[in-house]
Amino acid sequence: MTTTHAQHWPVIGHEWAVEHLDRAIRHGRMRHALLITGASQIGKTALARALAMALNCTGDAPPCGQCRSCTLIAKDGHPDVAWVEADREGGTLKIDQVRDLQQTLALRPYEARYRVAILLRFHEANPAAANALLKTLEEPSPDAVLILTADSADHLLPTIVSRCQPLHLRPLPVDTVRDALERRWDAPPDQAQTLAQLSGGRIGWAIEALENPEALEQRGAALDMLEMALHGNRRARFALVESLSADKQTLLPLLETWQGFWRDMLLIAGGSRAPITNHDRAATLGDLAHETGIDAAQQALQATRRTLDLLGKNANTRLALEVLLLDYPVL
Ligand SMILES: [Zn+2]
């Protein structure tokens with residue numbers, strides 16, 4: 001490895017990106033807007049946070065991780081670092097959120113060198129919000145740095161992409177994920193190896209699976225259930241609705257898992273270069289995309305989003321689920 005200066009950044013892997021940013025800061029060549037792209041849970045947020053720390057660190061080797069600024073940013077509690085994202089994953093980032101941010105950015109930093117705005121999953125911004133942000137990118141303030149994250153630059157306005165420095169994060173090697181799980185998270189070697197392989201190089205996914213094995217099991221069960229429903233007739237689907245509506249607590253995470261599945265299928269069916277999330281289901285997703293096509297994926301994804309919205313508004317659970325499962329394609 002040629003990395004010499006940047007090994008202390010709190011980021012696992014992505015050495016070239018870290019080295020590049022570290023050098024840009026040391027030489028005072030930091031751009032005012034960056035776009036970090038890559039698969040979900042691959043480390044985009046961690047890199048954005050580390051960059052915010054490095055920009056405002058008061059220690060000797062930024063980001064030192066020790067100074068007041070680093071400590072506050074690590075806890076997402078620094079007054080000069082603003083976080084903006086949709087209300088939930090798969091939701092919509094709205095224009096009011098961008099306007100609020102613009103008001104904040106118009107002020108001088110409160111105590112830091114730079115005001116940093118981190119806009120997560122900017123592909124979830126609606127057109128009005130994206131256009132509003134464009135104005136900020138066109139007239140950057142000298143003491144503000146904007147960091148956008150997104151799954152792929154293909155899903156953003158070209159005018160936004162062209163005003164940001166792009167950093168595309170690739171999946172980490174299995175060995176890097178395994179070593180990190182063993183050394184930094186004290187995972188037993190067997191488990192570290194299994195999770196690293198399942199992760200598809202997404203360190204965030206692996207850490208979450210390690211810390212919350214129950215969620216991993218629930219995710220697997222949710223996807224198994226979905227596959228069964230897709231192969232099932234009307235009667236089988238109604239029976240599934242029956243059992244699902246009995247347990248409302250697990251319903252939202254289950255639907256979010258399904259939403260991720262359809263999003264993946266839409267990417268595959270549309271021939272997108274954006275990486276998929278449910279890496280371990282790639283074979284099924286490929287078959288499905290081939291068999292039912294892009295329209296079915298689009299419809300199923302929209303139906304799932306609508307159902308999530310409805311359930312958030314206390315709609316009739318059983319009715320909402322019935323409509324949803326009848327909207328899903330039949331295999
Ligand atoms: Zn520091």
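## Helices, domains and Ile95 in a predicted model

Visitor: At roughly what angle do the axes of H7 and H9 cross?
Guide: This is a predicted model, where local features need pLDDT of at least 70, side-chain atom pairs count only at pLDDT 80 or more, and totals for chains, interfaces and linings use all residues. Residues are numbered from 1 along each chain as its sequence is written. Helix H7 (residues 174-185) and helix H9 (residues 203-211), both DSSP runs of H or I with at least four residues, numbered from the N terminus, have axes that come within 10 Å. With axes as lines fitted to C-alpha atoms over the stretch in contact, and angles running from 0 to 180 degrees between N-to-C directions, the crossing is at roughly 45°.

Visitor: So is H7 parallel or oblique to H9?
Guide: Under 35 degrees would be roughly parallel, over 145 roughly antiparallel and 65 to 115 roughly perpendicular, with the rest oblique. That makes H7, relative to H9, oblique.

Visitor: Which residues in H9 does H7 meet?
Guide: Contact here needs C-beta atoms, placed from the backbone, within 7 Å. From H7 come Val177, Ala180, Leu181 and Trp185, and they meet, in H9, Ile203, Ala206, Ile207 and Leu210.

Visitor: Is Ile95 partly exposed or buried?
Guide: Ile95 sits in helix H4 (residues 95-105). Buried takes 20 or more other C-beta atoms within 10 Å, exposed 12 or fewer, and partly exposed is in between, using C-beta atoms placed from the backbone. Ile95 has 17 C-beta neighbours inside 10 Å, so the verdict is partly exposed.

Visitor: What does Ile95 contact, leaving aside neighbours within four places in sequence?
Guide: Its C-alpha atom is 8.6 Å from that of Asn131, 36 residues apart along the chain. The contacts of Ile95 beyond those neighbours are Ala128, Ala129 and Ala132.

Conventions:
Helix = DSSP H or I, 4+ residues; strand = E, 2+ residues; numbered from the N terminus. Contact = placed C-beta atoms within 7 Å.
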